[in-house]
Amino acid sequence: MTSPLLESDPATAAAPAAAPLLSVDDLHLSAGARELVHGVSFDLAPGEAIGLVGESGSGKTLTCRAILGVPPPGVAVSGGTVRLAGDDVAHYTRRQWDRVRGPRIAAVFQDPASYLNPSLTVGRQLTEVLRVKNGLHRRVARARAVELLASMGLHRPEHVHDQYPYELSGGMLQRVLIAIAVSGDPDLLVADEATTALDVTVQAEVLDLIAALRAERRLSLLLVSHDLAVVAQLCDRVVVLRDGRVVESGPTRQVLDEPADPYTRALVADHREYGLDRLVAR
Ligand SMILES: Nc1ncnc2c1ncn2[C@@H]1O[C@H](COP(=O)(O)OP(=O)(O)OP(=O)(O)O)[C@@H](O)[C@H]1O
């Protein structure tokens with residue numbers, strides 16, 4: 001039993017662990033009678049970056065979409081909780097989500113073009129988000145939009161502001177989507193295969209941008225990637241999913257250097273030839 005004396009002595013009491021920013025507890029997701037995710041649990045501390053990995057179909061995207069309150073049509077949370085800064089958001093209404101998405105949680109996905117309106121300039125779309133979500137006046141929102149585009153490493157941001165999505169490359173579009181995602185100053189960014197479709201050089205630049213945003217904004221990150229090298233580069237911890245279940249989780253170095261589960265060992269072995277050793281050794 002702990003001594004009451006020790007408990008009350010500030011010199012000997014251990015510092016309390018920070019409350020998790022995101023806590024996924026025994027999450028079950030189902031499409032009708034078919035269960036697809038069978039009790040996934042993990043916590044993400046403020047400022048932490050977690051990588052969600054696993055083969056295609058292991059439940060990474062469904063888990064992220066449930067965390068974001070946008071499960072695909074026909075899929076619903078059938079058990080468990082998703083707590084964001086302590087609030088259980090798993091059954092939030094659309095109106096409740098409107099208050100959370102943007103200032104607390106935001107996301108970027110694989111195909112940025114499909115999230116933008118092709119007939120509006122990217123600046124107009126960013127400005128609209130700033131006006132609606134942050135209540136900025138049109139002129140102030142425009143200036144803020146240009147600033148945000150510049151801080152995403154986009155050169156000639158005034159010019160980019162007035163361009164249409166089809167005029168921009170994939171890497172530029174992903175930077176615009178990241179600008180939109182962070183425009184509400186969220187605590188948590190969910191990045192689901194956000195760099196997968198980009199060529200290697202551009203991918204590295206966008207990963208550097210995400211790393212810089214993490215440091216500058218104390219942004220927490222939930223990163224989904226089939227690419228363990230990307231996870232090794234950005235994440236503090238890794239959660240490995242297989243068939244809708246967590247098979248292993250822990251610090252990135254530990255999970256990738258000494259995987260405990262045979263499934264993780266096979267995943268890591270598959271990646272060796274793509275230079276994982278080099279990135280893990282950083
Ligand atoms: N809308 C849906 N209706 C029914 N089943 C679905 C739906 N979306 C996904 N699934 C199924 O749920 C399981 C998990 O899918 P999910 O998309 O989360 O996998 P993933 O790990 O993200 O895969 P990938 O890396 O290919 O994106 C798969 O068996 C998939 O077929």
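Beyond its neighbours within four places in sequence, Arg104 is in contact with Leu84, Ala85, Pro186, Asp187 and Leu188 in this predicted model. Arg104 sits in the loop that runs between helix 3 (94-100) and strand 6 (105-108). Its burial is intermediate: Arg104 has 19 other C-beta atoms within 10 Å and is therefore partly exposed, since a buried residue needs 20 or more. Between the C-alpha atoms of Arg104 and Ile180 there are 13 Å, with 76 residues separating the two along the chain.

**Confidence**

The mean pLDDT of the protein is 90, and 91% of the residues score at least 70. The model has an ipTM of 0.95 and a pTM of 0.89. Residues 1-13 stay under a pLDDT of 50, and the model has 3 contacts for them beyond four places in sequence. Where pLDDT is low, the predicted coordinates should not be read in detail.

**Overall fold**

The protein contains 12 helices and 10 strands. Its radius of gyration is 20 Å, close to the 19 Å that the globule rule gives for 282 residues, so the protein is as compact as a globular protein of that length. The C-alpha trace spans about 65 × 50 × 50 Å along its principal axes. Buried residues make up 40% of the 282 residues. Of the contacts between residues at least 6 apart in sequence, 63% join residues at least 24 apart.

The UniProt record, an unreviewed entry, carries the annotation "domain: ABC transporter" for residues 22-268. Helix accounts for 40% of that span and strand for 26%. The C-alpha atoms at the two ends of residues 22-268 are 26 Å apart.

**Ligand surroundings**

The shell around the ligand holds 14 residues, of which Ser56, Lys60, Thr61, Leu62 and Pro72 come nearest. Helix 2 (residues 60-67) gives the largest share of this shell, with 3 residues. By class, the shell has 8 polar, 5 nonpolar and 1 charged residues.

**Loops on either side of helix 8**

Most residues other than glycine have a negative phi. Glu193 has a positive phi, near 50°, and is not a glycine. The residue is placed in the loop between strand 7 (188-192) and helix 8 (200-217). With 19 other C-beta atoms within 10 Å, Glu193 is partly exposed.

Thr196 also lies in the loop between strand 7 and helix 8. It counts as partly exposed, having 15 C-beta neighbours inside 10 Å. The C-alpha atom of Thr196 is 11 Å from that of Val206, which is 10 residues away along the chain.

Arg218 is found in the loop between helix 8 and strand 8 (220-224). Its phi is near 50° as well, again a positive value in a residue other than glycine. Arg218 has 10 other C-beta atoms within 10 Å; the limit for an exposed residue is 12 or fewer, so Arg218 is exposed.

**Two further sites**

Leu136 lies in the loop between helix 4 (122-134) and helix 5 (138-151). Leaving aside its neighbours within four places in sequence, Leu136 is in contact with Leu130, Arg131, Ala141 and Arg144. Leu136 has 18 other C-beta atoms within 10 Å and is partly exposed.

Arg272 belongs to helix 11 (residues 262-272). With 11 C-beta neighbours inside 10 Å, Arg272 counts as exposed. Along the chain Arg272 and Ala107 are 165 residues apart, and their C-alpha atoms are separated by 29 Å.

The C-alpha separations given for individual residue pairs are collected here.

| Residue pair | Separation along the chain | C-alpha distance |
|---|---|---|
| Arg272 and Ala107 | 165 residues | 29 Å |
| Arg104 and Ile180 | 76 residues | 13 Å |
| Thr196 and Val206 | 10 residues | 11 Å |

Notes. Residues numbered from 1 in each chain as written. Predicted model: local features only at pLDDT ≥ 70, side-chain atom pairs only at ≥ 80, totals over all residues. Helix = DSSP H or I, 4+ residues; strand = E, 2+ residues; numbered from the N terminus. pLDDT = per-residue confidence, 0-100. Contact = placed C-beta atoms within 7 Å. Near = placed C-beta within 6 Å. Nonpolar A, V, L, I, M, F, W, Y, C, P; charged D, E, K, R; others polar. UniProt positions renumbered as here; feature names shortened; annotations may be inferred. Rg over C-alpha atoms; globule rule 2.2 N^0.38 Å.
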